[in-house]
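Dear colleague,

Please find the structure below, handed over for your own inspection. My notes on it follow directly after.

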Amino acid sequence: MPIVELRDVVVLLGRFPALSGLNLSLNRAEVVLLQGPNGAGKSTLLRLCGGLLRPHSGSAVVLGHDLCTARAALRCRVGLLGHDSALYDDLSVVENLRFFAKAARLPPQTVVAALDRLELSRQLHSVPVRQLSAGQRRRVALATVVLRRPELWLLDEPHAGLDQEARNLLDELVAQAVSAGATVIVASHDHERTLNLATRTVTIVGGAVATQAQTAADTSSNRRL
Amino acid sequence: MLADVWLVTNKDLRIEWRSRVTFNQVVPFALIVLVLFGFALDTNRAVLRAATSGVFWLTVLFVAVVAVTRSTMIEISDGARRALLLGGIEPVAIYFGKTLAIAIQLFGVELLMVGGVIFFFDATIASWPLLLATCVVATWCVAASGTLLGALVANVAARDTVLPILLLPVLAPVLIAASRAFDDALGVLVVDGWVWLGLLAAFGIVNATLGTLAYGTLLEEA
């Protein structure tokens, strides 16, 4: 059963069709690289798959949840790393993670585990997020995704703002998540970097899938839609 | 659900404690407004005494606009609202959590303002229970309406100006009922303050019901 099953999906942002008749089917443990020009609809697709947007027409089912009727149930099972860090600036690193862990009914140990996995030094734990550098904020944002162990990872330009060490760490985390059965969708312009992870590339143009191709990690077949 | 309500309240209060917006900006603002009203009406002590309740609650409404704007901004800045939605907390719990946080802050400011009207306006308290009950219920009404309208204008570019335009008229019934109840509590008018308090309570229940029904949709659509 596909993890993501989108059929003729149209999403309007205001009157603008951000996705127009998009079709996509993803299976478990796939790593999909979304590519396409700015404004093509990559971020909208990620938000749709995260249950943050409702399709205006078409059929959209993610992790078995219909996006027209059951988005709230879906949201608990996905992790979304967007352009912004989605953190509370006036709370410390640990307070942010504790808040999201409690919200998701996770035990306190998950916070410690997430901090360790992201290699966030102890000196940073009590620092308010507003005092962190962009790269450190990105790490903490990633920690909020990691601590929930989502079944579907939605990463929007995840390498942006990260140093080489953090990029390697992110790649490791993605590889571990996939080996544990998670599906990962990455929207990125850093193709060279992300292609190492991806099992499939999907090119979006004008709010619809233009091409899909298996990567070297999978097969080399390429089909035009 | 109660645990989630307190989680959100605790988070908002902690953020307030760190940023000190209420303490450093809202409290001085409220006291300055009271003093300026005092200057404006000081030539006639009888008028000042008669106007005390209205001045008090009008000031509370101004303060509420600042508090609600701040509460809304907490979720808007840096995409935190998205994280809140993905976090797994029911929208109803978010609504009541944020309402409670605003109400606690406003109640604290009101207690200081009561001291202000006693000191600056020479007010005497005829009924402390009525005064405190009015503060609690009216504050809930203000916070419940404010949280809902804050979510409504969250994505409006000119929300800082739109929010007062929407919020102040909606809170007109609170201003009237709370002022009449306060008139009784301060002993400046012979009215049954408890009846006005009952009206406030009804308004609060209606607001909370509306918030329960609409907040989730507003949060998702914003």
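In this predicted model, A:V93, A:L97 and A:F100 of α3(A) meet A:V140, A:A143 and A:T144 of α5(A). The two helices pack at an angle of about 25°, and their axes are 10 Å apart. Angles under 35 degrees count as roughly parallel, and α3(A) and α5(A) are therefore described as roughly parallel to each other. The crossing in which α3(A) passes α5(A) is right-handed.

The arrangement of α3(A) with α4(A) is as follows. Their axes come within 9 Å and cross at roughly 130°, so α3(A) and α4(A) are oblique to each other. This crossing of α3(A) and α4(A) is right-handed. On the α3(A) side the contact is made by A:V93, A:V94, A:L97, A:R98 and A:A101, and on the α4(A) side by A:T110, A:V111 and A:L115.

Helix α3 of chain A, residues 93–103, is mostly covered, with nine of its eleven residues buried. Among them are the charged residue A:E95 and the polar residue A:N96, as well as A:F99 and A:A103. The buried residues of α3(A) pack against α4 (109–117) and α5 (134–146) of chain A, and also against α1 (2–19) and α4 (80–86) of chain B. After α3(A) comes A:R105, which has a positive phi, near 60°.

Turning to the wider organisation of chain A, the domain assignment gives domain 1 (4–77 + 150–224) and domain 2 (87–149). The C-alpha centres of these two domains of chain A lie 24 Å apart. In the contact between them, 19 residues of domain 1 touch eleven residues of domain 2.

The largest nonpolar core has 95 residues, and those with the most contacts inside it are A:L6, A:L45, A:L152 and A:W153. At least three residues of this core come from each of domain 1 and domain 2 of chain A. A second core, separate from it, has 45 residues, including B:V26, B:V27, B:V109 and B:F182. As for A:L45, its contacts, leaving aside neighbours within four places in sequence, are A:L6, A:L19, A:L22, A:L24, A:L34 and A:I204.

In chain B, I draw your attention to a helix pair. Helix α3 (residues 45–76) and helix α8 (residues 172–186) of chain B pack at an angle of about 140°, with 9 Å between their axes. That angle makes α3(B) oblique to α8(B). Their crossing is right-handed. The residues of α3(B) that meet α8(B) include B:R49, B:T52, B:F56 and B:W57, while those of α8(B) include B:L175, B:F182 and B:L186. B:F182 is also one of the residues of the second core.

One loop residue of chain B completes these notes. B:A123 lies in the loop between α5 (91–120) and α6 (128–152) of chain B. Is B:A123 buried or exposed? Its relative accessible area is 9%, and because buried means under 20%, B:A123 is buried. Leaving aside neighbours within four places in sequence, B:A123 is in contact with B:R49, B:T52, B:V117, B:I118 and B:L186. Of these, B:R49 and B:T52 in α3(B) and B:L186 in α8(B) also take part in the packing of that helix pair. B:A123 and B:L48 are 75 residues apart in sequence, yet their C-alpha atoms are 9.3 Å apart in space.

With kind regards

Methods: Residues are numbered from 1 along each chain as its sequence is written. Chains are lettered from A and ligands numbered from 1 in the order in which they are written. This is a predicted model: local features need pLDDT of at least 70, side-chain atom pairs count only at pLDDT 80 or more; totals for chains, interfaces and linings use all residues. Side-chain values use heavy atoms; hydrogens and water are left out. A nonpolar core is a set of buried Ala, Val, Leu, Ile, Met, Phe, Trp, Tyr and Cys residues joined through side-chain atoms within 4.5 Å. Buried means under 20% relative accessible area, exposed over 50%, partly exposed in between (1.4 Å probe, protein chains only). Domain bounds come from an automatic or database domain assignment. Contact means heavy atoms within 4.5 Å. Axes are lines fitted to C-alpha atoms, for helices over the stretch in contact, and angles run from 0 to 180 degrees between N-to-C directions. Helices (H or I, at least four residues) and strands (E, at least two) are DSSP runs, numbered from the N terminus. Angles under 35 degrees count as roughly parallel, over 145 as roughly antiparallel, 65 to 115 as roughly perpendicular and the rest as oblique. A crossing is left-handed if the near helix is turned anticlockwise from the far one by less than a right angle, and right-handed if clockwise.
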